[in-house]
Amino acid sequence: MSLRTRLLILVIAAMLVPASLVGLRFVQNRSSEVNAALANLAASADDIASDLGGKIQGTAQLHYGLARARDLDTRDKAACSAFLSDVREEYPQFTGILTIDPDGSLFCDSLRTNRTLDLRDRAYFKQALVSRNVVVEPVFGRLTGISVLQIAYPVRSEAGALKLVLLASFNLRKFAEYHHKRLLAEKDILLIDGKGTVLVAPSGAGWTAPVGASIAGSDLLGFATAPDQKAFQEVTDRDGRTQVWAVAHSPSIRDAGLYILVGRSKDGLVAAANRRLYEDMAILAVALLLLLAGVWILATVSVGRQVGRLANMAKRLGLGDLSARIPPPHPRGELGGLMTLLNGTAESLEQQRAAIADLNQKLSQSQKMEAMGQLTGGVAHDFNNLLTVILGNSEHLADRLAGNKELHRIAGDIATAAERGSDLTRSLLAFARKQPLRPRDIDIGEKIKEVEHLLRRPLGEHIECTFALAPDLWLISVDPGQLTTALLNLVLNARDVMQLGGRLTIEARNVSLGESDLDINGERRPGDYVMVAVIDTGSGMTAEVASRAFEPFFTTKEVGKGTGLGLSMVYGFVRQSGGLVQMQSAPRQGSTVRLFFPRLATPPNEDASPAEGIVTREGSETILVVEDNDMVRTYVESELKTLGYRVITAASGPAALDLLRQSGDIDLLFTDVVMPGGMFGPELARQAIQLRPGLKVLFTSGYSQNPVSAPDAIGDARILTKPFRRRDLAAMLRSALSTPSR
C-alpha cells in the first residue's frame, strides 16, 4: 500500500472522531430545539391562562363599580336591562350581563330578552349565596348557548344581606379565537371543564370532538386534571396523527374548573428541528468530501517525496547523528516548517538538556517542600514534648520561688516563652495541615459577646437579631474557634430561611437534663449543661426534612448554594466536645437548634496568682502513664504524684500491656497518641479495655495526624494537647475519671 493511500486512510480515520462529535452535536441541537418548542407550547398555555386571569380580575373590578351604580338599585326591570345593555356595548367580550334576585330568578339582562329563568341550580349562584367574593364557573349560557365563563359577584347590603347577584358571561369562544390568531394559527387551543365537556374545540383537522361533547375517561382529560402533571401529553387520532398537548398551570383557573390546553401536531413540532439537522449534516458531508479531495491532491503531488526526506532525517537523529540536516530547498507550508524544525532539533538538544536539568531541580525542590511538611509535623511533636517539660518545670519553679520576686519573674518569663513556643508549633502544624482541636475553659456568654459583631454581620437589616444571655453561666471546655464556626453556620442557615425578614434569637443559659431529655439520635445524657439556642422565625422544616437535617451532604438548598455539611459539622463538633444537640422545627413556625455543652466539673480559680500557686483538684487513683519521651514521662509522673495519684509508667504500648496483664488496680490509662514501636495510643487503648473493661482513658499528643479513634467502650475520645499546664492536666484527669463507663 502506497504512502499516500496510507495517509488518506489515516486522514479518514482521524476525521471519523471529530465528524462523529460534530454529528452528535447536531443531534443534541435538534433535541434542544425540540425541547424549546415543547417549552414554548407550555409557555403559550400559561400565557393564555395569565391573560384569562387578568380578564377575570378586570371583570371583578367592573362588578365592584356596577354594584355601586344607582341604576341597578331599582325594581324597574326595563331600566335595569337598558343600563346593562349600555354597559355591555362598552365591553363586547361579554355575551351578556345580568342580575339575579336572591331567590335565584333572573331580574334584568343586557340582552333585554325579558325571559324568566330560574338559576338556583347553577353552581356559581350557590357559591355566591355564601360568598363575598367573585365566583367563577365555565358553562354554556342558557340565553345564548355559547360557552362562557360565568363571573358572578354577590352584592350585599351594609348589614351583609344579599341584595342581588351580578353576573357577566365572558365569551370563551372569542377569547380562544383571539389567541389562536395571536399564535399565528400554529397551535390549537382547547378549553374543557372538569367533567371533560368541550367548551372551545380546536379548529385543526385532527380534532374530532365538537363543542359540547365530552372527552370524559380520555387520557387527555386525565392529563389535564391530574394534580401531579406530566409536562406534556401525546394523543393519536384514528388517522394516526399525533398531537402534543400542554396544559396551563394557573391554580386560580384550575380551581374554577376550567382547563386550558395548547396543542400542536408532533410533525409540525419537530419539523423545523429536523430541517436544521438535515441542513447541518449536509454541510458537514460536503466539508468532509472537500477535505478528502484536498488531502488526496496533497498526497499525490508532494507528500510522498517530502515525507521520505523527513523519514531519513528522523532516522539519523534516532541514531544520535546530531549533524544530520535536510538540505534546501524546503517546501512551503507545514512540511517545510517541519523540516526547519527538525534541522533546529540538533542545535537545541543542549538547551533541552538544560531545561530537563532545571525541571529536575524544581522537582527536587517540590519533593523537599513535601518532606518539610512531613518534617514540621515531627518537629512540632518533639518540640511540644520539650515545651511540656519546660512549661511544667517553670510552674514548679514559680511555686518554689514565690518568695524571690526576681527569680519568680524569670520563671514566669520561661513559662511565657514556652507558651509562645506552643503558638509557633501551632503555626508549624497549620503549615503541615496537622493542627489538633484545642479545647479551652471558657465562659460561653463572654465568648458570644466577643463574636456578636461577626454573627450580626451576614444577617442584613431585614432580620432583627437579639441576644438573651443568662448571667452566671457555668464554664465549659470547647475549642473557641470551632464554637464560633458552629454558631456562624447556624446563623447563616437561619438567614437563608428568612429571605423576607424575620427575627433571630441567640440564647444561652444553664440547664440540667434528665432521663427524658434526648438528643437528635434519641440518646439520653443526663447532667448539667450550658445550653446555646439559635431560634429563627423562618419557613421551618417538615418532620421528614428535620429527621435528615444533620446527615452529611443532605441539603434542601439549590444546586450550588449549599454543601449539606454545615449542620453535620456542628453536630460532630458538639459531640466531640462531649455535648448533645436538639432541634425543633415545623413548617411556617421557624426552627430552634439547641447545643448542650457539659459543665466543667472543676472550674479554675481565676483569682489565684502564680505566686499563690495553682488550685487543682487532686486524686488518689492509680494511673498508668505511657510516654516514649523520657523527660515528658518523668515530668508527668512527678506532676501526678504531686496531685496525689499513684503512678505506674511505661515507655511503649507493649510494655503497658504487660503491666495491665498483671494484677493490681489501675483506674486510668494516660497515653501519648503517637509512639514508636508500631502501636499508637488508640490501639493501646483498644487492647487495654479488652484486658480491663471499664478502664478510663485520656490521650495526650503534640499533634495528631489523624483524629483519635477510641474504642466504643470509653465514649468520646478525650485528648490533652501538649504543652499543658498543671491545672489543664488535673482538670482533664478528673473529667476523664468522672466519665461513666459504658
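Which residues of H12 are buried? Keep that one in mind while we go through this predicted model; point 1 has the answer.

1. **Helix H12.** Here is the list: Pro-480, Leu-483, Thr-484, Ala-486, Leu-487, Asn-489, Leu-490, Val-491 and Ala-494 are the buried residues of H12. Have a look at the spacing as you read along the helix. An α-helix has 3.6 residues a turn, so residues three or four places apart point the same way. Try tracing Leu-483, Leu-487, Leu-490 and Ala-494, which are among the buried ones.

2. **Length and start of H12.** This helix covers residues 480-496, 17 residues in total. From first C-alpha to last, H12 reaches 25 Å, close to the 24 Å expected at 1.5 Å a residue. Just ahead of the helix, Asp-479 caps the N-terminal end of H12. The contact to look for is a side-chain oxygen of Asp-479 lying 3.0 Å from the backbone nitrogen of Gly-481.

3. **The disulfide.** If you search the whole structure, you find 1 disulfide. The partners are Cys-80 and Cys-108, with their sulfur atoms 2.0 Å apart. Cys-80 sits in helix H2 (residues 77-90) and Cys-108 in strand E2 (residues 106-109), so the bond ties together parts that are 28 residues apart in sequence. Are these two cysteines buried or exposed? Cys-80 has a relative accessible area of 1%, so it counts as buried. Cys-108 comes out at 0%, so it is buried too. While you're checking cysteines, take a look at Cys-465: its relative accessibility is 11%, so this residue also counts as buried.

4. **An annotated aspartate.** The UniProt record, an unreviewed entry, places the feature "modified residue: 4-aspartylphosphate" at Asp-672. In the model, Asp-672 is found in strand E20, which covers residues 668-672. With 0% relative accessibility, Asp-672 counts as buried. Do keep the source in mind here: the modification comes from the record, while the burial is computed from the model.

5. **Cavities.** How many cavities of 30 Å³ or more are there? The count comes to 2. The largest cavity holds about 140 Å³ of space. It is lined by 16 residues, and the closest to its centre are Leu-98, Arg-142, Leu-143, Gln-150 and Ser-169. Strand E1 (94-100) and strand E5 (162-171) each supply at least two residues of that lining. E1 gives the most, with 4 residues.

6. **A cis peptide bond.** Check the link between Lys-722 and Pro-723: it is a cis peptide bond, with omega at about -10°. Pro-723 lies in the loop between strand E22 (719-721) and helix H18 (726-738).

7. **Two positive phi angles.** Where is Asn-114? You'll find Asn-114 in the loop between E2 and helix H3 (123-130). Asn-114 is not a glycine, yet its phi is positive, about 55°. Its relative accessibility is 58%, so Asn-114 counts as exposed. Asp-472 also has a positive phi of about 55°, although it is not a glycine. That residue is in the loop between strand E12 (463-469) and strand E13 (475-478). Asp-472 is exposed, with a relative accessible area of 70%.

Key:
Residues numbered from 1 in each chain as written. Predicted model: local features only at pLDDT ≥ 70, side-chain atom pairs only at ≥ 80, totals over all residues. Heavy atoms only, no water. Disulfide = S-S within 2.5 Å. Buried < 20%, exposed > 50% of the residue type's maximum accessible area, 1.4 Å probe, protein only. Expected span 1.5 Å × (residues − 1). Polar contact = N/O pair within 3.5 Å; in protein donor to acceptor, adjacent residues only side chain to side chain. UniProt positions renumbered as here; feature names shortened; annotations may be inferred. 1 Å grid on protein atoms, 1.4 Å probe; cavity = no way out; pocket = protein on both sides within 12 Å on 5 of 7 lines; lining within 4 Å. Points joined across faces, edges and corners; volume = space filled by probe spheres on them.
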